[in-house]
Every structure is written in structure tokens, then in C-alpha cells.
Amino acid sequence: MKKIEAVIKPFKLDEVREALSALGVTGLTVTEVKGFGRQKGHTELYRGAEYVVDFLPKVKVEVVLAAAQVDAAIEAIVKSARTGKIGDGKIFVTSVEQVVRIRTGETNEAAI
């Protein structure tokens, strides 16, 4: 099993969710996060005063899948989250050793 964490632009969340649902992904976790990469923030003007926004708002989508589904899920996320501009985000894939569904006690693949 693998865990995919994708950090994307907030307005792309619905497209990513729909793309993953089309693959048969039944559950995901979404967290509002802030961060920066190569963008390193930006400056904005508010009521005549300039200020620096160091951390940009992003959304982190987490999903645990069978290893066979990972490549298709990554492709779906990339296609649906890409704008072609800096700050589109990143995808991280890690191994998951064990999953337990609390309600039923099911483990691993049955618990996903």
C-alpha cells in the first residue's frame, strides 16, 4: 500500500477530487496548509501599504491506495492540478505498512 500526499492550489481541489473519484478512490483527507517553494511568497498592496506574504495558501490531499493504483492516481492528480505556472504543487509517495479500520477491525487492503 502507498500513501500519496499532494500539495496543490486550493482552487484545483474539486478537479483533483473528481479525477480521483473517477479512478475509484473512495476516500481522501484534505487539509488547508500554508507554505512556499520556489515562489518564496510575494508582495501585495493593501490600502497603500506594501507587505510580504511569505506563506501561500495550499491544500494537502492525502489518499492511501493499493500499489497498483498509484501511477494512475499520480497521473490523474498531475493532469487535474496543473496550471502550467509556478506553485502548482508537489506529490509525495510513501509506503504504508499497516491500515486498520477502527469500526470493523479490518486491516490493510480490506480497510482502505
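In helix α1, which spans residues 13-22, the residues V16, A19 and L20 are buried, where buried means under 20% relative accessible area, exposed means over 50% and partly exposed lies in between, using a 1.4 Å probe and protein chains only. Because V16, A19 and L20 cover an arc of only 95 degrees around the axis, they lie on the same side of α1; the arc is taken from the directions that run from the helix axis to the C-beta atoms. An α-helix has 3.6 residues a turn, so residues three or four places apart point the same way.

This is a predicted model, in which local features need pLDDT of at least 70 and side-chain atom pairs count only at pLDDT 80 or more, while totals for chains, interfaces and linings use all residues. Residues are numbered from 1 along each chain as its sequence is written, and side-chain values use heavy atoms, with hydrogens and water left out.

The buried residues of α1 pack against β1, β5 (56-65) and α2 (70-81), and contact here means heavy atoms within 4.5 Å. The helices (H or I, at least four residues) and strands (E, at least two) are DSSP runs, numbered from the N terminus. Just after α1, G24 takes a positive phi of about 95 degrees.

Helix α2 has 12 residues and reaches 16 Å from its first C-alpha to its last, close to the 16 Å expected at 1.5 Å a residue, the expected span being 1.5 Å times one less than the number of residues. In α2, the residues V70, A73, A76, I77, S80 and A81 are buried, and because they cover an arc of only 130 degrees around the axis, they sit on the same side of α2. The covering of these buried residues includes β1, α1, β5 and β6, whereas the face turned away from the buried side carries the exposed residues D71 and K79.

Two residues outside the helices have their accessibility listed here.

| Residue | Place | Relative accessibility |
|---|---|---|
| E5 | strand β1 (residues 2-8) | 17%, buried |
| N108 | segment after β6 (89-95) | 29%, partly exposed |

The side chain of E5 makes a polar contact (a pair of N or O atoms within 3.5 Å; within protein, one must be able to donate a hydrogen and the other to accept it, and residues adjacent in sequence count only if both atoms are side-chain atoms) with the side chain of K60, at 3.4 Å. Leaving aside residues up to four places away in sequence, E5 touches K60, V61, E62, K90, I91 and F92.

N108 has a positive phi of about 50 degrees although it is not a glycine. Most residues other than glycine have a negative phi.
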